[in-house]
Amino acid sequence: MIAMEGVILFKQNKTGDWLKTKTDEEKKEIFKACIKLGREQRQVCHSRKLLIAQHREKRLQDREKAILARKSAAKKKRDELCSKISQDSYWSTEELAMTKIQGMSESTKKKALQVQIKFRQLVLKQEYKDKSVFNFSQNRKQFSSAKLYSKLVKLISSSPPGQSSFVSWCCYST
């Protein structure tokens, strides 16, 4: 790129015509200065390329570290959910969910229902047509346990068959 630019400038500025007006000694001095400047410019260009490559490599490493940190945080969250599920059990049917939450206080019900919903979202990667089924609040107001229970029932009814055997393998085998 730089070499082509030099050729263009040489032709456009009529440097050849200008050089013809100079004496042989002046030409030698000019060529010596050009050779020296050319070497210096190549060194500067080379060092800039190295610096750019180092910056690019550092940005790439920083991105990789950030991705690794996000993945490890997600894995930690999934492991925590698996641990909570293994302590309380996975609610695979509506009847089982109803029997589990009977007798719990309102705050305990909310926490248990949130764990079940988050487990389905993050560990089982269950999908639902309405993404708001995975939300626990709206306009900064927490949903009641009855609302959370209805969301869990929607997820239970849409879950694929055989999911509870996967949960047993995933969470209880550790």
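The protein has seven helices and two strands. The model described here is predicted. Read from the beginning of the sequence to its end, the elements follow the pattern α-α-α-α-α-β-β-α-α.

## Overall form

The radius of gyration of the protein is 35 Å, whereas a compact globule of 174 residues would have a value near 16 Å. Along the principal axes, the C-alpha atoms fill a box of roughly 105 × 35 × 30 Å. Helix α3 spans residues 24–88. Two lysines give a sense of distance in this model: Lys49 and Lys77 are 28 residues apart in sequence, and their C-alpha atoms are 42 Å apart in space. Lys49 is placed in helix α3, and Lys49 counts as exposed because its relative accessibility is 58%, where exposed means over 50%.

How much of the protein is buried? Buried residues make up 22% of the 174 residues. The protein exposes about 13300 Å², and carbon and sulfur atoms supply 56% of this area. Among the contacts with a sequence separation of 6 or more, 67% join residues that are 24 or more positions apart.

## The nonpolar cores

The largest nonpolar core consists of 17 residues, and those with the most contacts inside it are Trp91, Leu113, Ile117 and Leu152. Three helices each supply at least two residues of this core: α4 (94–101), α5 (106–123) and α6 (145–158). Which helix gives the most to this core? It is α6, with six residues.

Trp91 shows how residues from several parts of the sequence meet. When residues up to four places away in sequence are not counted, Trp91 touches Leu96, Ala97, Lys100, Ile101, Ala112, Leu113, Gln116, Arg120, Leu152 and Ile156. Two of the residues named for their many contacts inside the largest core, Leu113 and Leu152, are in this list.

A second, separate core has eight residues, including Leu81, Cys82, Tyr90 and Val115.

## Salt bridges in helix α3

Side chains of opposite charge can pair when their charged atoms come close. How many salt bridges does the protein contain? The count comes to two. The table sets out both pairs.

| Salt bridge | Closest N to O distance |
|---|---|
| Asp62 and Lys58 | 3.3 Å |
| Lys75 and Asp79 | 3.1 Å |

The side chains of Asp62 and Lys58 meet in one of these salt bridges. Because Asp62 and Lys58 are four residues apart in helix α3, about one helical turn separates them. Lys75 and Asp79 also lie in helix α3, four residues apart, which is about one turn of the helix.

Are the residues of these pairs buried, exposed or partly exposed? The term partly exposed covers relative accessibility between the limits of 20% and 50%. Asp62 counts as partly exposed, since its relative accessibility is 37%, and Lys58 also counts as partly exposed, at 48%. In the other pair, Lys75 has 45% relative accessibility and therefore counts as partly exposed, while Asp79, with 41%, counts as partly exposed as well.

## A nonpolar patch on the surface

Met4, Val7 and Ile8 make a nonpolar surface patch of about 290 Å². Within this group, Val7 is placed in helix α1, which covers residues 2–12. The relative accessibility of Val7 is 45%, so Val7 counts as partly exposed.

## The loop between the strands

The loop between β1 (137–138) and β2 (141–142) holds Asn139. The phi angle of Asn139 is near 55°, a positive value in a residue other than glycine. Asn139 has 75% relative accessibility and therefore counts as exposed.

Where is Arg140 placed? Arg140 is in the loop between β1 and β2. Although Arg140 is not a glycine, its phi is positive, at about 65°. Arg140 counts as exposed because its relative accessibility is 86%.

Terms used:
Residues numbered from 1 in each chain as written. Predicted model: local features only at pLDDT ≥ 70, side-chain atom pairs only at ≥ 80, totals over all residues. Heavy atoms only, no water. Core = buried A, V, L, I, M, F, W, Y, C linked by side-chain atoms within 4.5 Å. Buried < 20%, exposed > 50% of the residue type's maximum accessible area, 1.4 Å probe, protein only. Contact = heavy atoms within 4.5 Å. Patch = residues over 30% accessible without salt bridge, like charges linked within 9 Å, V, L, I, M, F, W, Y side chains within 5 Å. Areas by Shrake-Rupley, 256 points an atom, 1.4 Å probe, with all protein chains shown as cover. Salt bridge = Lys/Arg side-chain N within 4 Å of Asp/Glu carboxyl O. Rg over C-alpha atoms; globule rule 2.2 N^0.38 Å.
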